[in-house]
Amino acid sequence: MHPASHSLDRKILNRYLKMLWEGKQLPPGRGLSPTYFVNKCWKEEASPNRGFSIDTQPFVTVSRFCPPRKSRHDWIGPPDKYSNLRPIHFYIPENESPLEQKLRELRQETQEWNQQFWADQNLTFHKEKEEFVCSRLKAKGLDLRTESGQKATLSAEEMADFYKEFLSKNFQKHMYYNRDWYKRNFAITFFMGKVALERIWNKLRPKQKKTSN
């Protein structure tokens, strides 16, 4: 298997989602066409002689992360082995206000939602990719491994068919994800502003009492 196989998988998907996120348009008449976009990515990212093989490992496996008990800050852990996202461990202060608690819980719930989405999406991606490669190899009358014991591969042109189909099939799903992601982030930003104003007000109140006396 080519070592850059998974890196290229993620790079193509990430570029496509970034286009959706930023609301950018591809050349006139194309729109956000998955077929056009994948072909364009392959020309830019994949070398003509690159091969792809079957690999069911869902990204990088990492150990469970736990921040120090006495820590008073948020901690960012290593990538999750399924979603490939870095989880945040949120610090809970002793004097946390109701508004701060609401913000923290909203961030935690959004993180769990995001982790779950990408864990499911990545596992589905690898499963369907494996099935695609197996079916293409069997159609050619080839074994899953070569005579030397290495995994059999498909060409970049053949894999482009899989990416086009996968992106097209999940286009609506990604659009709904982006919509919900915007809503959640606007809500988080709104509560961050309210928490910031609350903290400023709490700092100013003692000074106002002194001046009034």
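**Figure 1. Overall fold of the protein chain.** The chain holds five helices and four strands. The model is predicted. From the N terminus, the elements follow the order α-α-β-β-β-α-β-α-α. The chain has 213 residues, and 35% of them count as buried. Among contacts with a separation of 6 or more, 66% link residues 24 or more positions apart. The exposed surface comes to about 14100 Å², with 53% supplied by carbon and sulfur atoms.

**Figure 2. The largest nonpolar core.** Ten residues build this core. They are Phe 125, Phe 132, Val 133, Leu 137, Ala 152, Leu 154, Met 159, Phe 162, Tyr 163 and Phe 166. Helix H3 (98-139) and helix H4 (156-169) each contribute at least two residues to the core. Another core lies apart from this one. That other core has six residues, including Leu 103, Ile 188, Phe 191 and Val 195.

**Figure 3. Surroundings of Phe 132.** Phe 132 belongs to the largest nonpolar core. Neighbours within four places in sequence are left aside here. Phe 132 then contacts Leu 154, Glu 158, Met 159, Asp 161 and Phe 162. Of these partners, Leu 154, Met 159 and Phe 162 are also members of the core.

**Figure 4. A nonpolar patch on the surface.** Leu 197, Ile 200 and Leu 204 form a nonpolar surface patch of about 290 Å². Leu 204 sits in helix H5 (residues 171-212). The relative accessible area of Leu 204 is 39%, so this residue is partly exposed. Patch residues need over 30% relative accessible area, and Leu 204, at 39%, meets that cut-off.

Definitions and conventions:
Residues numbered from 1 in each chain as written. Predicted model: local features only at pLDDT ≥ 70, side-chain atom pairs only at ≥ 80, totals over all residues. Heavy atoms only, no water. Core = buried A, V, L, I, M, F, W, Y, C linked by side-chain atoms within 4.5 Å. Buried < 20%, exposed > 50% of the residue type's maximum accessible area, 1.4 Å probe, protein only. Contact = heavy atoms within 4.5 Å. Areas by Shrake-Rupley, 256 points an atom, 1.4 Å probe, with all protein chains shown as cover. Patch = residues over 30% accessible without salt bridge, like charges linked within 9 Å, V, L, I, M, F, W, Y side chains within 5 Å. Salt bridge = Lys/Arg side-chain N within 4 Å of Asp/Glu carboxyl O.
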